[in-house]
Amino acid sequence: VRLSDAASLGLPRHELLSPRWARLGRGVYGWSELDPLDARVRIEAVLLDLPSYAVIGGWASLWWQGARTLDGRTGPGGTTPVPILVHVGPTGHLRRRTGIDVDRSRLPASEVVETRGVRVSVATRAVVDVMCRDGPEEGLVAGDAACAAGLTSATHVVQLVERSPGIRGIPRARLVAPLLSARSRSVPESRFRFVWVVEAGLPVPLVNAPVVDSENGWLVGEVDLLDDGAGMAGEYDGAHHRELDQHTADNIREEGIDGLNITVVRATSIDLWPRRPQLVRRLAARRAQALGRDRSRDRWGVRPFWPR
């Protein structure tokens, strides 16, 4: 609720300023039980304070269009909010403030679409903007989510990057645009792949590849990342993997994969943040082990699948 609209809604000003309500932005208040870091809460709070010509971009545009694995957060524990990008053009009058990143460059009309009553940048442009403004890791996260939601594709993102050599930060986009995959199922999986390829310098892996027992053709399971040249798999364990049923299923699957002579590297949220340097070293060490394995014991193959 905007403070300026409170009276017309029958809400006394002192009610909004009470502990039952929390300030979500400039002159915008929400019920105190709302999560101020929730993506929808953040976006709708910003929308209440935007001029009609403004366009929501970046991760918020992708979330609004359906990429709901994005939550607009980063950092250890996902507690650091990524600013919401707002396009206002060269003549727009909107000041940058906490939680909002203002873009004053000219946004072509062809790159704006109205979705559920809100003007947002088209998905491909939104992905490139995240790559350029928020960095390659956040760009890979946003791009994977957009591709998985069917909003764009790696090909379309690469094409826009090639057509936009003058955009500030475009080298960051060139780094990760070719790595996007529609098969990534979560933000941590995308971050794990970023560490794998960009920071550890390992070959681009297959994403959620179906691994089979080559002796009988049975599907053993899908692995999050697979270096099929080295015989090494990467698995990200989220919090739900600690639940008893899921943990039991993981153990059975891991035993099956180990029995095929595949080297497995497991990572958690701690590995992706405070222990990232150690994860980089572990990946390099485990790949060296995988390359030195006794290949006569290999019993695995990859079932044909849609790679992107």
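For my own bookkeeping, Ala, Val, Leu, Ile, Met, Phe, Trp, Tyr, Cys and Pro count as nonpolar, Asp, Glu, Lys and Arg as charged, and the others, Gly among them, as polar.

**Entry 1: the pocket**

I used that split on the lining of the largest pocket, and got 12 nonpolar, 3 polar and 5 charged residues. Note to self: this is a predicted model. I put the volume of the largest pocket at about 410 Å³. Its lining has 20 residues, and L24, G25, V46, T98 and G99 are the closest to the centre. Two elements, β1 (21-25) and α2 (39-47), give two or more residues to that lining. Which element gives the most to it? I found that α2 does, with 4 residues.

**Entry 2: the whole chain**

Next I stepped back to the overall picture. I counted 11 helices and 14 strands in the chain. The C-alpha atoms fill a box of roughly 75 × 45 × 35 Å along the principal axes. Of the 308 residues, 49% come out as buried. I also looked at contacts with a separation of 6 or more: 60% of these are between residues 24 or more positions apart.

**Entry 3: β1, β2 and W21**

Back to β1, since it turned up in the pocket lining. It pairs with β2 (residues 28-31) in the antiparallel sense, over 4 bridges. Within that pairing, A22 stands opposite G30 of β2. The hairpin leaves 2 residues between the strands, and G27 has a positive phi near 70° there.

W21 sits in β1 too. Is W21 buried or exposed? I have it as buried, because its relative accessible area is 16% and the cut-off for buried is under 20%. Leaving out residues up to four places away in sequence, W21 touches V1, L11, E15, L16, Y29, G30, W31 and S32. G30 is therefore on this contact list as well as being the residue opposite A22, going by the 4.5 Å heavy-atom limit for contact. I also checked W21 against W306: they are 285 residues apart along the chain, and their C-alpha atoms are separated by 48 Å.

**Entry 4: helix α3**

How many of the 8 residues of α3 (residues 58-65) are buried? I get 7, so this helix is largely enclosed by the rest of the structure. The buried ones are G58, W59, A60, S61, L62, W63 and W64. Right after α3 comes G66, with a positive phi near 130°.

**Entry 5: the five-stranded sheet**

I then traced an open sheet of 5 strands, in the order β13-β12-β11-β10-β14, with mixed pairing. Which strands stand at the edges? They are β13 (263-267) and β14 (300-302); each has a single partner strand, so one side of each is left without a neighbour in the sheet. Ignoring direction, neighbouring strands here are turned by 50° against each other on average.

Inside the sheet, I looked up the pairing of β11 (residues 219-227) with β12 (residues 232-236), which is antiparallel over 3 bridges. One detail from it: L226 has A233 of β12 as its bridge partner.

Two helices lie across this sheet's strands. I noted α8 (residues 187-199) lying across β10 (206-213), β11, β12 and β13, and running at about 140° to β12. The other is α11 (residues 276-291), which lies across β11, β12 and β13 and runs at about 170° to β13.

Terms used. Residues are numbered from 1 along each chain as its sequence is written. This is a predicted model: local features need pLDDT of at least 70, side-chain atom pairs count only at pLDDT 80 or more; totals for chains, interfaces and linings use all residues. Side-chain values use heavy atoms; hydrogens and water are left out. Two strands pair if DSSP finds at least two bridges between them. Axes are lines fitted to C-alpha atoms, for helices over the stretch in contact, and angles run from 0 to 180 degrees between N-to-C directions. On a 1 Å grid over the protein atoms alone, a cavity is a set of points where a 1.4 Å probe fits but cannot get out, and a pocket is an open set with protein on both sides within 12 Å along at least five of seven lines; lining residues have an atom within 4 Å of a point. Grid points are joined across faces, edges and corners, and a volume is the space filled by probe spheres set on the points. Buried means under 20% relative accessible area, exposed over 50%, partly exposed in between (1.4 Å probe, protein chains only).
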